[in-house]
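Reader: I am new to this structure and would love a close look at one part of it. Could you start with how a single chain is laid out and follow it to its surroundings, explaining each term as you go?

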Amino acid sequence: MNPARVKEIVRKEFHQSFREPRLRAMMIVPPILQFLVFGFVVNLDVERSRLAWLDQDNTPASRELRAAFEGSTYFEVTHTPATQKALEDLLDRDAIHSGIVVPPQFGEDLARGRATSIQILVEGSNSNTASIIANYVRDVVRTFSAGQLNEWVRQKRAGRPGVIRLNAPGIDLQQRVWYNPELRSRNYFIPGVAVNIITLVTLMLTAMAIVREKEIGTMEQLMVTPIRPSELMLGKTLPFALVGLLDFSLIVALGMIVFRIPFQGSGLLLLLGAILFLFSTLGVGMFISTVSHTQQQAIMATFFFFQPAFMLSGFAFPIRNMPEIVQWITYLNPLRYFITICRGVLLKGSGLNVLWPEYLALAVFGIAIMSFSASRFRKRLD
Amino acid sequence: MQRETAVRIEHLTKRFGAFTAASDVTLDVAQGEIFGFLGPNGAGKSTTIRILCGLLAPTSGRAVVSGFDVAKEPEKVKASIGYMSQKFSLYDDLTVEENLEFFAGVYGVPADRRAARMQYALDMAELADERTRLTRLLAGGWKQRLALGCAILHEPPVIFLDEPTSGVDPVARRAFWDLINDLSHQGKTVFVTTHYMEEAEYCNRIALMYKGKVIALGTPAALREQLRSDELPEPTMEDVFVRYIEQEDAKA
Amino acid sequence: MNPRRTLAIFRKELLHIVRDPLSLGMALALPMLLLILFGYALSLDVDRIPLLIWDQDKTPQSRALLDRFRGSRLFAVQGDIDSYRPAELGLDRGDVLAVLVVPIDFGHKLAAGQQTPVQMLLDGSDSNTASIALGYARAMVAGYSSEVRTEYQVRNGAGELKPPVDPQLRVMFNNELKSKNYIVPGLIAVILMMIGAMLTSLSIAREWENGTMEELLSTPVRPAELALGKLGAYFVLGFVDMVTAVLAGVFVFGVPLRGSLPLLFVSGFTFLFGALSWGLLLSAITRNQLLAFQMGLISSFLPSFLLSGFIYSIDNMPLLPQVISYVVPARYFVALLKGIFLKATGLQILWMELLFLATYAVIVFALLTRKLREKIA
């Protein structure tokens, strides 16, 4: 390895990539725009979901129940249809997320201590939102119901003292949510989005930089110089590793400023993870460049690699939910490890004592992919 | 010939699958010689040159360039040759100077020689006034000379030029051949392919290549002499070329 | 409009596609890959949540509560612990998502008729799973709680006490609450947009780069014929993809198709026509394959993935992306797809969406022919 020759390649790449302001901007602006769009859009939280209220009872009790829903931040009563048909029509039109029907006997049943029921219709096509809404509805009703029961017991005791005790047993679930106490889905998604964006950027830049030299013929010229494949590879990837690290730092900073993502752990540790991870993406980029002859092929190959790697990285779809075979496959996906590292360091403040298997995996993958690609790259045309 | 052999090719064959691009090529090139490789497109000239540069591995046979076997020591070969490919292949988004600096760097020209070599290349290519221009803005002939300049920065004893003058106007072509002559006078071996027949006359010796085979080898004068007859008292290089190809086709 | 010339363009374009393995792969393999991923591998459904249990109490009451968790499909108990350390480690490592802690005097307090807490520690970093897990846990604890309370009241001679309000939940349209039921139909929009804009974006640009465009322009072929001929070829591909996606969705992944099949295909074709025209328009404007491809990616694939309501609900977005989503045709197509697949809704409800898609297609096609005419003049 001759550092002077590596330096020449690096210098040339910088000359080529950063000469024009337009090219410089291309390295920074699109990743950041993508990050912002993703960051704003990728959100599974349910708040102020639209609720239709069909009150067939219209008593103080039914109004109290409605007030309980309106008091929750999860619901907003946006429609008050007059009939069941109208309510279902609203669901058909996607105008509401859920609807509640309070039956005519509701207030009277409650007053007499009889069990009653309300009907809840949930727009289930988005199963995830539906599950969360259903949980919230049950919570509100449960609290309301417990209040009614206590009220009723108290009144009954007033009439027949000694029979019913107020201090009935009950269990109360106390939740302690770690790492993301407000349960904001952005905290979960943003680290994954950041990882995916630097993957795409570094993959594409490396693959294209090498294939472009093939297309214009300068690769052949380089091959007849005494430069070694390892020097050429290092020289071609180093600039993009730097661009990748710069983009990643910018994105993490934006995540903290714009999306208020916590940063609990060590910055150095995150940087180390990013460096190890870049070995893999740059290695894959190089590999793509060795199998592609044109830039178009390189783009398509990048896309073919990136799509499944992105989907199977656990960025939005938890790996735990996947079929077991697919879960095994994800162990071959470097994105998986880096996302775990990012979430661990950013949200949990985890250190090497917890994350060492991920770091180890990234190091092993990075070196393996890098050496495989470098070994495929020969200074030969056949 | 008493001079040292710069390039020795023995029974060199290259196949791509079922297609034989070069078949049993044998020839020697002496140091300081301008050796021309002539033949129609697809005759195997570029393939042979690429093997000599260590870009392709020979299927069988042997080639020695500057004393190094191209199949066994391709990297040593690369340090002692300059190569200019068929296609213009400099970075046209770098300036003239940046291209020279880059190639000086990757060829490992020692730091104390670098400035002198770059100046030499700039002077040779007459690009001293254009050193900060982007290469893409240069005219074809200048680009060609810059490419040659980049290829000889490290003072290689052997220079391979694959159709260096294709697509260049006649005046620029003439000037380019003057450069080749200068290099030869400095003792460099120049191995050049072309399909311009008149350029064959500038070479010390030529080989005619057709369908992967060398079908004629000798000085331009000797080849013409062989063809001289009553009906063709002043045969041109083109006549030589056509005649040999006809003979070859008749054999097949 | 001359049908023979249009047909000639159509045939030539089809040959290009068939002879280029990359395009064909892009057009057929990538959609299949996405279908398999979303239909089989990717799901947002939450069940078998890995849980650790710390029973400090070890009484019949605590065991009765914990048995509910052990027996549930929603939780997968990974083990019992007897200190805080493994809980912390398990959550840190991400091996478990929740830890349920039953305090030492749990059984005693219940027997005495007192309120008692149980504690749940949750890894909130996956907020979605955590919210749903919390909901499940609350419901299970509340169920046991009311059982204990009733039993206690009965034992004390007060008769059965039931919670007075019983919420009867009816999940409409997707009552198994499977995420693939809404993701797979939406995926059809993503796939068609991908073919549409990314594959066709290369088509005219390639002709410009190869110089064949000038030759085409020197023939009597008209802009509309050129556009239609090219559209036709990619339409065939899009049609194959759409049929494959619908068949795979319904028969392989068991997504219900409740609405009208003709309406599904009519809206699919309308959308496809617009998407293909958009790709060709990009191609005609840029004349550069790389640029056209990148613009195709940014202007069609990403919006149809992110701003269409395919996975991420548009209601949740900040104002700007919401406003932008109104001009993303995939938004309307996704609404149509979900309506037709899951809700069996018809044109009386979805006519607006279809009208938008048709308008979009006509406008983009008109722009395309105009752009091509410009080049000819």
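Author: In chain C, 49 Å separate the centres of domain 1 and domain 2, taken over C-alpha atoms. Domain 1 of chain C is made of 8-43 + 178-376, and domain 2 is 49-155; such bounds come from an automatic or database domain assignment. Please keep in mind that this is a predicted model, in which local features need pLDDT of at least 70 and side-chain atom pairs count only at pLDDT 80 or more, while totals for chains, interfaces and linings use all residues. Residues are numbered from 1 along each chain as its sequence is written, and chains are lettered from A and ligands numbered from 1 in the order in which they are written.

Let's look closely at helix 1 of chain C, residues 3-19. Helices here (H or I, at least four residues) and strands (E, at least two) are DSSP runs, numbered from the N terminus. With 17 residues at 1.5 Å each, helix 1 of chain C should span 24 Å, and its end C-alpha atoms are indeed 24 Å apart; the expected span is 1.5 Å times one less than the number of residues. The buried residues of this helix are C:T6, C:I9, C:F10 and C:E13. They fall within an arc of 100 degrees when you look down the axis, so they line one face of helix 1 of chain C. (The arc is that of the directions from the helix axis to the C-beta atoms.) An α-helix has 3.6 residues a turn, so residues three or four places apart point the same way. The face turned away from the buried side carries C:R4, C:L15, C:V18 and C:R19, which are exposed. As for the terms, a residue is buried if 20 or more other C-beta atoms lie within 10 Å of its own, exposed if 12 or fewer, and partly exposed in between, with C-beta atoms placed from the backbone. Helix 9 (223-252) of chain C is among the elements covering the buried residues of helix 1.

Now try helix 1 of chain A. Its 16 residues, at 1.5 Å each, should span 22 Å, and the end C-alpha atoms agree at 22 Å apart. Here A:R5, A:V6, A:E8, A:I9, A:K12, A:E13 and A:Q16 are buried. These cover an arc of only 155 degrees around the axis, which puts them on the same side of helix 1 of chain A. A:P3 and A:A4 are exposed on the other side. The cover over the buried residues includes helix 7 (185-216) and helix 9 (229-258) of chain A, together with helix 3 (96-106) of chain B.

That takes us to the partner chains. In all, 22 residues of chain A are in contact with 23 residues of chain B, contact being C-beta atoms, placed from the backbone, within 7 Å. Helix 1 of chain A gives the largest share of chain A's side, 6 residues. By class, this side has 8 nonpolar, 7 polar and 7 charged residues. Ala, Val, Leu, Ile, Met, Phe, Trp, Tyr, Cys and Pro count as nonpolar, Asp, Glu, Lys and Arg as charged, and the others, Gly among them, as polar.

Of the 2 pairs of chains in contact, chains A and C share the most contacts. Between them, 88 residues of chain A are in contact with 89 residues of chain C. On chain A's side, helix 6 gives the most, with 18 residues, and the side as a whole divides into 46 nonpolar, 28 polar and 14 charged. Chain B and chain C do not touch, and their nearest C-alpha atoms are 18 Å apart.

Finally, the core. The largest nonpolar core has 236 residues, and those with the most contacts inside it include A:A194, B:F160 and C:L187. A nonpolar core is a set of buried Ala, Val, Leu, Ile, Met, Phe, Trp, Tyr and Cys residues joined through C-beta atoms within 7 Å. Helix 7 (residues 180-210) of chain C gives this core its largest share, 18 residues. Leaving aside neighbours within four places in sequence, A:A194 is in contact with A:F35, A:F248, A:I251, A:V252, A:G255 and A:C342. A second, separate core of 71 residues includes A:L110, C:F106, C:L110 and C:Y152.
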